[in-house]
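Colleague: I am new to this one. Could you take me through how the labels are earned?

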Amino acid sequence: MKSAYDAATNQAQKPSPEQVRGQLDRILRSGSFRNAPALQRLLQYVTSQSTEGQLAHLKEYTIGVDVFGRGDGYDPKIDPVVRVEMHRIRQKLREYYQREGANDPIVVEIPTGHYVPTIGIRTPSTLAQNGSSPAIDDPSAQVGALSDSGNGKAAATNEGSKQFGRLFLAHPTTALALLAVLVLSAALIKAHWSEIASTHRTASLAAPDSPAFNPDSVVRDFWVTFLGKDRAPIVGYANAVFLIDRTNDLFRFRRGATDNRGSPVDAHLARQFASNPALVAKAGPLFYEYSYTGTGDMEAVWRFTRLFSRMGYDTTLKRSRLVTIHDLQEHNVILIGSSFQNDAVAQLPSTGLDFVYELPKIDDELWNGRIVNRHPLPGEESFYKTERDQVTQTVKSDYALITVEPGIIPGRHIAVVGGLDTSGCSGATGFLSSASGLAELTTRLTSLGLKKTEGQPPFFQALIKVDLENGLDVLGFHLVALHAIHANGLGAATSADVRADRPAEQPARPGALPNR
């Protein structure tokens, strides 16, 4: 079956290799691909191999090895990187041709289920229609302009219907049997592809932890450099504080002193520090509750602990509120969750960091948190927010921040992995446990002059975009921006601490993290 824009191309007239290279260059420089180096490499590879006639190379295993640097133990059934990235390429190509490439003379497409691109020259009639339609502002108009004019697919469909009608009148038994076979085949195909799609979704989460998993060298090298000789790293996960009433309704409690779970909350304190004081005032007796953790945070914990276990490390798992100064002195620590949810992260200073978490100074906090880029580089935004579908309001993608910075004493390191939403946290951890993600990260770090030295990893902040399905399930992830952190703590661009999400002063808890 042809796609909407493939239907408007002349497949019989093939563009020259020079025309293909020119079109590929336009696509790679577009907004859809400019900040996606992994997708750029993949599209360049499949296009060049196709143009040169090397179709035998366009297999899942070969692409995984040649493009994503997979090793000898690579098993496409376990590691779905090629399928995930191909899905993203198809989405980006549709986005490109609905917007910037609406009037391009050449169309590049990778059909679903295939790795060989189809490249055709757009028909003059389609180009004329596009020239008079608002393709950039109204993507639906572009789809309409690229659809069959009526002489092709629609005519073929009508003719097929007429032929089936004649067959039914002449041989009703045969026609009904044929119809039953077609319905059964469609059902089997749908079930088969549903199973594959489900495998693709879960494999990206389960791959590092399957029984056959053996960490790729790039994954092992990255984490061995970070963990060093510390055989018992600490993973601290977030458990945000809520106030709970007698009907089990929860109220967010962002600031203020806390007590043990189940202890009653002073009414004045609740109204002063709760996210919605007016609602809290009507709730009646309230009690401290902090037994909840995000699903994405738990997936992150699972990934890290299983990965480190397979690498021979004895990981200690703690609630972030229990991470102490002694832990930071004796161990390398990974903190999961943003400063919105993780108290330990909120207490770390942001001096020298280009990226910081920020909550809006409005009552409507739902999905309005953002990651602020205090020193945007060319092509970067000044802030990034969770993205939702404009029609359905479903969450489409989230952003996460990976910060690797010096610890409180020489030789110790802290990594913070947190998304604006819990799904962002899961996706960022997937990036940090995948060979393709860490290979790209290592290459980018090297280009910035950041290399590991003896006993010290490179210090940096990486912004990750996480694509979601059903508003929660991680579909894919990719690196958006990368900034350096100087080892002296002054940062790459600034030493001014303007963090917007630091909590108000509150009584120190015994053994709590310092504001260093």
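Modeller: Start with the term pocket: an open set of grid points with protein on both sides within 12 Å along at least five of seven lines. This is a predicted model. Its largest pocket holds about 1,400 Å³ of space.

Colleague: Which residues are closest to the centre of the largest pocket?

Modeller: Lys92, Glu95, Glu387, Lys396 and Lys465, out of 40 lining residues. The lining divides into 16 charged, 13 polar and eleven nonpolar residues.

Colleague: Which element gives the largest share of that lining?

Modeller: Helix H4, with six residues. Strands E12, E13, E14, E16 and E17 are also among the elements that each supply at least two.

Colleague: Take Phe383 in strand E12. Why is Phe383 called partly exposed?

Modeller: Its relative accessible area is 36%. Buried needs under 20% and exposed needs over 50%. The value falls in between, so Phe383 is partly exposed.

Colleague: What does Phe383 touch beyond its neighbours within four places in sequence?

Modeller: Arg370, Ile371, Val372 and Asn373. Val372 is eleven residues away along the chain, yet the two C-alpha atoms are 4.2 Å apart.

Colleague: Now helices H1 and H2. Why are H1 and H2 called roughly antiparallel?

Modeller: They pack at about 170 degrees, their axes 11 Å apart. Over 145 counts as roughly antiparallel, so the label fits H1 and H2.

Colleague: Which residues make that contact?

Modeller: From H1, Pro17, Val20, Leu24, Ile27 and Leu28; from H2, Gln40, Leu43, Gln44, Thr47 and Thr51. Six are nonpolar, four polar and none charged.

How values were computed. Residues numbered from 1 in each chain as written. Predicted model: local features only at pLDDT ≥ 70, side-chain atom pairs only at ≥ 80, totals over all residues. Heavy atoms only, no water. Helix = DSSP H or I, 4+ residues; strand = E, 2+ residues; numbered from the N terminus. Buried < 20%, exposed > 50% of the residue type's maximum accessible area, 1.4 Å probe, protein only. Contact = heavy atoms within 4.5 Å. Axes fitted to C-alpha atoms, helices over the stretch in contact; angles between N-to-C directions. Parallel < 35°, antiparallel > 145°, perpendicular 65-115°, else oblique. Nonpolar A, V, L, I, M, F, W, Y, C, P; charged D, E, K, R; others polar. 1 Å grid on protein atoms, 1.4 Å probe; cavity = no way out; pocket = protein on both sides within 12 Å on 5 of 7 lines; lining within 4 Å. Points joined across faces, edges and corners; volume = space filled by probe spheres on them.
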